[in-house]
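Here is a walk through one protein model, written for someone who likes to check things against the coordinates. Have the viewer open while you read.

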Amino acid sequence: MAFWITLARSLFAMALGVAIIFYPDKAGPLLGNFIGGFWIAGSLISLRWGLSQKRGRLFTIVIALVGALAGLLVIGRGLVDRWVPGEGLELLLGIVALLTGILHISGHLQVKKFSGGTRTNSGTILGAFELFLGVILILSPYTPFEQRPFLYLVAVAWALGGGVVILLDALAMRREAQANL
């Protein structure tokens, strides 16, 4: 199951990168919807992994639930905009992206995939993209998306680069599962 979720995340990420390139005027909403879906899918994987652990289980479950809640808020932003205006939600999105990036880089929020006993660099790479994305969203939440070219470039790099990294993880998961059969 984790393979299919990871594969779907990778394809979704790469599709987002292509969509942002070809439809830059829709980049803000596309990015928001994608991040929401990405966090929900990632939270499902983290939750599944957290439930199977003995140490750090509660921490992983809490982080997974926060990620899923943030994803739902972003996807359902049209329903919650009465209580949380778009700029506030973008600031919240930036904070969650920043924290998620830090946790990925530190290895605390990692779909634990080991290759020969060594942690792969995918969590660090994704974490760096999320960290940059979070910082940009926090520093300029009231500026329209199209007036932040660096955010546009980071979003495209995050989507395409992250999609490729996640695809490689999915393929490694598949190989590992087949080797264990």
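What follows goes from the overall layout to helix pairs, the core and a few single residues.

## The overall layout

First, a caveat: this is a predicted model. Its secondary structure adds up to seven helices and two strands. Reading from the N terminus, the order of elements is α-α-α-α-α-β-β-α-α, so to speak the table of contents for the rest of this report.

The protein has 181 residues, and 44% of them are buried. If you take the contacts with a separation of 6 or more, 70% come from residues 24 or more positions apart.

## α1 against α2

Helix α1 spans residues 2–22 and helix α2 spans residues 27–51. Their axes sit 10 Å apart, and the two helices pack at an angle of about 165°. An angle over 145 degrees counts as roughly antiparallel, and that makes α1 roughly antiparallel to α2. The crossing of this pair is left-handed.

Which residues of α1 and α2 meet? On the α1 side they are A2, I5, T6, R9, F12, A13, L16, A19 and I20. Facing them from α2 are A27, L30, L31, F34, F38, A41, G42, I45 and R48. Sorted by class, the contact of α1 with α2 has 14 nonpolar, two polar and two charged residues.

## α1 against α7

Helix α1 also packs on α7: the axes of α1 and α7 come within 8 Å and cross at roughly 155°. That makes α1 roughly antiparallel to α7. The crossing of α1 and α7 is left-handed. In the contact of α1 with α7 you'll find 20 nonpolar, four polar and three charged residues.

T6 is a handy residue to click on here. T6 sits in helix α1 and is buried, with a relative accessible area of 4%; the cut-off for buried is under 20%. Leaving out residues up to four places away in sequence, T6 touches I45, I166, D169, A170 and M173. One of these, I45, is among the α2 residues that meet α1.

## α6 against α7

Now for another helix pair. The axes of α6 and α7 come within 9 Å, with a crossing angle of roughly 160°. The two helices are therefore roughly antiparallel to each other. α6 passes α7 in a left-handed crossing.

From α6, the residues in this contact are S122, I125, L126, F129, E130, F132, L133, I136 and L137. They meet F150, L151, V154, A157, W158, G161, G162, V165, I166 and D169 of α7. By class, the contact of α6 with α7 divides into 14 nonpolar, three polar and two charged residues.

## The nonpolar core

How many residues does the largest nonpolar core have? The count is 26, and the residues with the most contacts inside this core are I20, L31, F34, I35, W39, L133 and W158. The elements giving two or more residues to the core are α1, α2, α3 (57–75), α5 (86–106), α6 (122–139) and α7 (149–179). α7 gives the most, with seven residues.

As background, nonpolar side chains tend to be buried together in soluble globular proteins. Some of the core residues have already turned up in the helix pairs: I20, L31 and F34 are listed in the contact of α1 with α2, while L133 and W158 are listed in the contact of α6 with α7.

## Three residues to look up

Is F150 buried or exposed? F150 is found in helix α7, and at 53% relative accessibility F150 counts as exposed, since the cut-off for exposed is over 50%. F150 and F132 are 18 residues apart along the chain, and their C-alpha atoms are separated by 9.7 Å.

R148 lies in the loop between α6 and α7. R148 is buried, with a relative accessible area of 7%. Its C-alpha atom is 8.6 Å from that of I136, and the two residues are 12 apart along the chain. S106, in helix α5, counts as partly exposed at 38% relative accessibility. The C-alpha atoms of S106 and G127 are separated by 8.6 Å, with their positions 21 residues apart along the chain.

Terms used
Residues numbered from 1 in each chain as written. Predicted model: local features only at pLDDT ≥ 70, side-chain atom pairs only at ≥ 80, totals over all residues. Heavy atoms only, no water. Axes fitted to C-alpha atoms, helices over the stretch in contact; angles between N-to-C directions. Helix = DSSP H or I, 4+ residues; strand = E, 2+ residues; numbered from the N terminus. Parallel < 35°, antiparallel > 145°, perpendicular 65-115°, else oblique. Left-handed = near helix turned anticlockwise from the far one by under 90°. Contact = heavy atoms within 4.5 Å. Nonpolar A, V, L, I, M, F, W, Y, C, P; charged D, E, K, R; others polar. Core = buried A, V, L, I, M, F, W, Y, C linked by side-chain atoms within 4.5 Å. Buried < 20%, exposed > 50% of the residue type's maximum accessible area, 1.4 Å probe, protein only.
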